[in-house]
Amino acid sequence: MTLLLLRHTPDPDRLVALAARRCYSSRAADDIEEHLTQEEIERLLGFLRQRNHLSPFEHADFTFSADGISRALSHQLVRHRIASYSQESQRYVNYMKTPALPYIRPPSLASHPEAQKIFDDAVHHTLEAYRAMVNAGVAPEDARYIFPNAIETKLVFTLNARSLFNFFEQRCCIKAQWEIRQLAFDMLKAVRQVAPLIFKNAGAPCQFAEKPYCRENDEKCPQYKSLQKRTNKNDQQIPGGIEKKS
Ligand SMILES: Cc1cc2nc3c(=O)[nH]c(=O)nc-3n(C[C@H](O)[C@H](O)[C@H](O)COP(=O)(O)OP(=O)(O)OC[C@H]3O[C@@H](n4cnc5c(N)ncnc54)[C@H](O)[C@@H]3O)c2cc1C
């Protein structure tokens, strides 16, 4: 998997803080911006997250490119509706000449050599079937129906910071499927480099510094016990489940 952050709104931390200040000040925007210190930006962004006042985060956009991911992943990704997507079309890729079908094999198969062979053979047979159908006169756009979820795809996609919070909460969770989880962590790492304050407290909610909670309320999750310990210590009632018993 190759994940790139292609573009982003310039100075995202500052822009979101400016938009937030706009809500609480009657001063002109340029005057507000001139007086925005780094401390003020940090304080404002923390305040917004704490109050769940999330609309100012919608002003910051982040455009990514993902290559070498499966259609199984991309199908999950595009379920996130507050986003824009451009995906490589299977209608226009020429699978008649590629030496092999590009596909993603789950790493778990590495410890099952027999299963790995079954997997690889099955994928290979779909390409043979595709080519046989096209040679028999079937349109490539129909022949491609035979391809598996494992087939490789490429996307360019854009989300704003608010939508990314939601994405990271769901997909950085230890229970998320391994491939989209890997993508989510790569994306989080990339946006933290350009917007460290916006994404300071982003990720799976059990890892939040303030008000951690389990979004699945799953007692069997390995993170759950450590979460319980931390939250009981803080004597908090946790949204999403774990209520402290006195
Ligand atoms: C662990 C896990 C398991 C899943 N399993 C399944 C599954 O078995 N089957 C399946 O179909 N999907 C499954 N999903 C996908 C899931 O249902 C969501 O479609 C996906 O995660 C996108 O989340 P979202 O709707 O919050 O994001 P977005 O589409 O980006 O929406 C963001 C937010 O906007 C609001 N919103 C967006 N659209 C609407 C709307 N039409 N009406 C009201 N509010 C809206 C909601 O508050 C939403 O949270 C799973 C997701 C996860 C994380």
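Which residue in strand 4 is the bridge partner of Gln 87? It's Leu 155, and the views below start from that sheet. Keep in mind throughout that this is a predicted model.

**View 1. A four-stranded open sheet with antiparallel pairing.** The strand order reads 1-2-4-3. Strand 1 and strand 3 (84–87) sit at the edges with a single partner strand each, so one side of each has no neighbour in the sheet. Going from one strand to the next, the twist averages 20°.

**View 2. Strand 4 and its partners, bridge by bridge.** Strand 2 (residues 61–70) pairs with strand 4 (residues 152–160) in the antiparallel sense, over eight bridges. Two pairs to pick out: Asp 61 has Asn 160 of strand 4 as its bridge partner, and Phe 64 has Phe 157. Strand 3 also pairs with strand 4 in the antiparallel sense, here over four bridges; the Gln 87 and Leu 155 pair links a residue to its bridge partner in strand 4. Helix 7 (161–171) lies across strand 2 and strand 4, and runs at about 125° to strand 4.

**View 3. Helix 1 and what its buried residues pack against.** Helix 1 covers residues 12–24, and its 13 residues should span 18 Å at 1.5 Å a residue; the end C-alpha atoms are 19 Å apart, which agrees. Pro 12, Asp 13, Leu 15, Val 16, Ala 17, Leu 18 and Ala 20 are its buried residues. They pack against strand 1 (2–8) plus four helices: helix 2 (29–34), helix 3 (38–51), helix 7 and helix 8 (178–194).

**View 4. The shell around the ligand.** Which residues surround the ligand? Arg 79, His 80, Arg 81 and Ile 82 do, along with Ser 163, Asn 166, Gln 170, Lys 175 and Ala 176. Sorted by character, the shell has two nonpolar, four polar and three charged residues.

**View 5. Thr 126 in helix 5.** Thr 126 belongs to helix 5 (residues 113–135). Is Thr 126 buried or exposed? It counts as buried, because 20 other C-beta atoms lie within 10 Å. Leaving aside neighbours within four places in sequence, Thr 126 is in contact with Leu 101, Ile 146, Phe 147 and Pro 148. Leu 101 is 25 residues away along the chain, yet the two C-alpha atoms are separated by 8.6 Å.

**View 6. Helix 5 from end to end.** Helix 5 has 23 residues and reaches 33 Å from its first C-alpha to its last, close to the 33 Å expected at 1.5 Å a residue. Thr 126, Leu 127 and Tyr 130 are buried in this helix, and helix 6 (140–143) is part of what covers its buried residues. After the helix comes Gly 137, with a positive phi near 105°.

**View 7. Two loop residues with positive phi.** Most residues other than glycine have a negative phi, and here are two that don't follow suit. Asp 11, in the loop between strand 1 and helix 1, has a phi near 50°. With 15 C-beta neighbours inside 10 Å, Asp 11 counts as partly exposed. Asn 217 also has a phi near 50°; this residue lies in the loop between helix 8 and helix 9 (222–234). Asn 217 is exposed, with 12 other C-beta atoms within 10 Å.

Key
Residues are numbered from 1 along each chain as its sequence is written. This is a predicted model: local features need pLDDT of at least 70, side-chain atom pairs count only at pLDDT 80 or more; totals for chains, interfaces and linings use all residues. The expected span of a helix is 1.5 Å times one less than its number of residues. Two residues are in contact if their C-beta atoms, placed from the backbone, lie within 7 Å. A residue is near a molecule or strand if its C-beta atom, placed from the backbone, lies within 6 Å of it. Ala, Val, Leu, Ile, Met, Phe, Trp, Tyr, Cys and Pro count as nonpolar, Asp, Glu, Lys and Arg as charged, and the others, Gly among them, as polar. Two strands pair if DSSP finds at least two bridges between them. Axes are lines fitted to C-alpha atoms, for helices over the stretch in contact, and angles run from 0 to 180 degrees between N-to-C directions.
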